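Here are some notes for a colleague who is opening this structure for the first time. Please read them with the model on screen, taking the points in order.

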Amino acid sequence: MSPAVWAYSENEGVSNEVASAAVEVAEGASAEAVVVEIGALREGARSPGAKLLLKGPASPQVSPEVAAEALARAAKQAAPMAILIGATRNGREAASRLAAKLSVGCLSDGSKLGTDGSTLTAERNVFAGKVVAKLSCPLPAVATVKVGHYARADAAPGETREVDVGPIQPLVRVVGREKKAAGAVDLRSAKVIVSAGRGVKKKEDLPLLEELAKDMHGALGCSRPLSSDLGWLPEEYHIGLTGVTVRPDLYLAVGISGQLQHIAGIKDSKIVAAINTDKDAPIFQASDYGVVGDLYQLVPALRKALAARR
Ligand SMILES: Cc1cc2nc3c(=O)[nH]c(=O)nc-3n(C[C@H](O)[C@H](O)[C@H](O)COP(=O)(O)OP(=O)(O)OC[C@H]3O[C@@H](n4cnc5c(N)ncnc54)[C@H](O)[C@@H]3O)c2cc1C
């Protein structure tokens with residue numbers, strides 16, 4: 001059997017990103033990328049080839065400690081060269097537990113993963129995105145994959161293998177689940193994002209940008225102060241180093257200065273455009289298109305121009 005690179009995430013969308021990372025690593029070592037599922041197969045978790053279903057854990061919502069134990073039991077038998085896990089909150093916990101169980105190294109929050117056949121390599125933003133650290137770890141290894149860095153993999157036909165890892169008792173009992181409030185955004189898969197910054201003077205003005213986002217069939221996002229400091233929007237709208245990493249076709253930054261911590265979350269966007277009153281705002285250095293001007297004049301004008309084209 002050829003060596004394998006496993007990809008796992010408890011989140012279906014992230015699983016598809018980790019699958020792309022696994023393909024990239026596998027290519028460097030003539031290995032096979034395998035998407036691992038625990039407990040049951042999920043329709044939305046695509047595989048670019050083979051899937052491995054770890055049977056045994058009963059719960060459809062697998063907790064980090066159960067995921068770590070299931071992966072460890074299977075890895076002790078199959079000996080994959082690397083196990084990549086989406087760097088979600090749960091994924092980070094699962095990866096560190098797994099690495100400890102297997103006594104191997106763990107690269108955290110990696111992007112641009114690769115291998116020369118003997119080490120796993122990755123890049124990681126440190127010091128608030130000012131420095132890119134190059135990391136390496138001898139194989140076999142565990143790594144968490146930065147969410148939002150890789151495009152989601154396409155499905156390809158491939159076999160599904162099954163391994164029974166036996167029952168695993170969760171340490172945490174889930175006593176209830178609540179759906180997030182309606183209107184919650186999925187910025188990671190949005191093709192167009194209109195993002196609001198401190199240039200927006202008050203919360204009541206946000207609908208102006210929300211409407212523009214709707215006109216453009218896009219989603220509304222924001223810089224950190226609007227969610228974390230002012231509480232005008234929920235946390236999941238906040239884009240950047242400590243928020244969501246996005247990669248839309250078009251990112252329109254409105255009244256955002258463009259600090260490094262914000263740019264860290266948008267730099268994989270295909271096109272960045274900005275509206276800002278300050279011609280020297282750093283956002284213009286990260287933009288393909290920029291308009292120097294007041295958002296309170298430009299956004300209504302843009303909406304009018306879009307309406308005229310419909
Ligand atoms: C550890 C750490 C992590 C961080 N993580 C993040 C992160 O993940 N995401 C993030 O966004 N920030 C993050 N920050 C904060 C970051 O450093 C900036 O403070 C923040 O991004 C600034 O937000 P802003 O651009 O909306 O506001 P400001 O920097 O205040 O910029 C407002 C901009 O609006 C323009 N403007 C004002 N009025 C108008 C108008 N009428 N029309 C058009 N333009 C106008 C101004 O010229 C200015 O450029 C982090 C900071 C730290 C220390």
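1. Among the contacts in the protein chain between residues at least 6 apart in sequence, 63% join residues that are at least 24 apart. Please keep in mind while reading that this is a predicted model.

2. On overall dimensions, the C-alpha atoms of the protein chain fill a box of roughly 65 × 45 × 35 Å when taken along the principal axes. The radius of gyration of the protein chain is 21 Å, which agrees with the value near 19 Å that a compact globule of 310 residues would have. Buried residues account for 43% of the 310 residues in the protein chain, and the secondary structure of the chain comes to seven helices and 14 strands.

3. One sheet deserves a careful look: an open sheet of five strands, with parallel pairing, whose order is E11-E10-E12-E13-E14. Strand E11 (219-222) and strand E14 (289-292) stand at its edges and have a single partner strand each, so one side of each is left without a neighbour in the sheet. Neighbouring strands of this sheet are turned against each other by 20 degrees on average, with direction ignored.

4. Within that sheet, strand E10 (residues 192-196) pairs with E11 in the parallel sense over four bridges, and the bridge partner of Ala196 in E11 is Cys222. Helix H4 (residues 206-215) lies across E10, E11 and strand E12 (250-254), and its direction is at about 170 degrees to that of E10.

5. Which residues come nearest to the ligand? Of the 27 residues around the ligand, these are Gly197, Arg198, Gly199, Gly240 and Ser257. The elements that give two or more residues to this shell are helix H5 (224-229), helix H6 (260-263), strand E13 (271-276) and helix H7 (295-309). Sorted by class, the shell around the ligand holds eight nonpolar, 15 polar and four charged residues.

6. Ser108, which lies in strand E5 (residues 105-115), is a useful residue to pick out in another part of the sequence. Is Ser108 buried or partly exposed? Ser108 has 17 C-beta neighbours inside 10 Å and therefore counts as partly exposed, since a residue is buried only if 20 or more other C-beta atoms lie within 10 Å and exposed if 12 or fewer do. Not counting residues up to four places away in sequence, Ser108 touches Arg124 and Thr144. Ser108 and Lys304 are 196 residues apart in sequence, and their C-alpha atoms are 46 Å apart in space.

7. The backbone should also be checked at Leu139 and Pro140, which are joined by a cis peptide bond with an omega of about -5 degrees. Pro140 is placed in the loop between strand E7 (131-138) and strand E8 (141-145).

8. Two further loop residues concern the backbone angle phi. Ala79, although it is not a glycine, has a positive phi of about 50 degrees; Ala79 is found in the loop between helix H2 (64-78) and strand E4 (82-86), and with 12 other C-beta atoms within 10 Å Ala79 is exposed. Ser103, also a residue other than glycine, has a positive phi near 55 degrees; Ser103 sits in the loop between helix H3 (89-102) and E5, and with 7 C-beta neighbours inside 10 Å Ser103 counts as exposed.

Key
Residues numbered from 1 in each chain as written. Predicted model: local features only at pLDDT ≥ 70, side-chain atom pairs only at ≥ 80, totals over all residues. Near = placed C-beta within 6 Å. Nonpolar A, V, L, I, M, F, W, Y, C, P; charged D, E, K, R; others polar. Rg over C-alpha atoms; globule rule 2.2 N^0.38 Å. Contact = placed C-beta atoms within 7 Å. Pairing = 2+ DSSP bridges. Axes fitted to C-alpha atoms, helices over the stretch in contact; angles between N-to-C directions.
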